[in-house]
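Trainee: Please take a close look at one part for me, the packing of nonpolar side chains, and set it in the context of the whole chain.

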Amino acid sequence: TIYFYSLLCLLGVIVQVIKPTWRITGFALVVSVLLGYFTLDNPSDYIDKELNLMNRKALLTNLNRTVSAYTHLELISLKIEGLKNIREVLGRENQTMLLQSISEYLKSSFGYKNLYRISDDIFVAQLEIDHEQRLRQLKKKKKRFKESFKCGNNDIKVDILINLINYPE
């Protein structure tokens, strides 16, 4: 973008010198600034609108950065089983309330900056703890998901699948 901006402004100045009656320098400047604007990332592209968590795009960006630095990385994925059935029985609003309850619990456990929602029923968290703490934390999560979550006037128990991912292993 910077190279293109510089080249376009330089071409505009050269054309302006050759043809002084043409007003091309301002046009070149406006086009280069507009192209620079289009290349900027919009922070809202990285946020899941429904639960106000970071989304799949944010996770992929973070993983690309981490993998290119050749650092060790541990992720945990939590898949909520039967979410489609919950939506069919209780409706979309109650499903959203249930997901908000779950996401609040996960945010308090992992922190906002480490939690991602990559699909309707899958959450991924980046772990920043040692092996012993991680095992205790996973047991605690499993125990918590055996209890019910508040969903409007209903208490709903959900089953989850937990996967632990170690990179580069």
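Mentor: Along the sequence, the elements of the protein run α-α-β-β-α-β-α-α-β-β-α-β-β-β, where helices (H or I, at least four residues) and strands (E, at least two) are DSSP runs numbered from the N terminus. That makes six helices and eight strands. With a radius of gyration of 24 Å, well over the 15 Å that the globule rule gives for 169 residues, the protein is more spread out than a compact globule; the radius is taken over C-alpha atoms, and the rule is 2.2 Å times the number of residues to the power 0.38.

This is a predicted model, in which local features need pLDDT of at least 70 and side-chain atom pairs count only at pLDDT 80 or more, while totals for chains, interfaces and linings use all residues. Residues are numbered from 1 along each chain as its sequence is written, and side-chain values use heavy atoms, with hydrogens and water left out.

The C-alpha atoms fill a box of roughly 75 × 40 × 20 Å along the principal axes. Of the 169 residues, 35% are buried (under 20% relative accessible area, with exposed over 50% and partly exposed in between; 1.4 Å probe, protein chains only).

Now the part you asked about. A nonpolar core here is a set of buried Ala, Val, Leu, Ile, Met, Phe, Trp, Tyr and Cys residues joined through side-chain atoms within 4.5 Å. The largest one has 24 residues, and Leu 98, Ile 102, Leu 106, Phe 123 and Val 158 touch the most other members. Two or more residues each come from β3 (73-81), α4 (83-90), α5 (92-110), β5 (122-126) and β6 (148-151). The largest share, six residues, belongs to α5.

Take Ile 102: leaving aside residues up to four places away in sequence, Ile 102 touches Ile 80, Phe 123, Phe 145, Phe 149 and Val 158. For the protein as a whole, 64% of the contacts (heavy atoms within 4.5 Å) with a separation of 6 or more join residues 24 or more positions apart.

Apart from the largest core lies another, of nine residues, including Tyr 46, Met 54, Leu 63 and Tyr 116.

One last position to inspect is Gly 82, in the loop between β3 and α4. Gly 82 counts as partly exposed because its relative accessibility is 35%. Its C-alpha atom is 9.1 Å from that of Ile 160, although the two residues are 78 apart along the chain.
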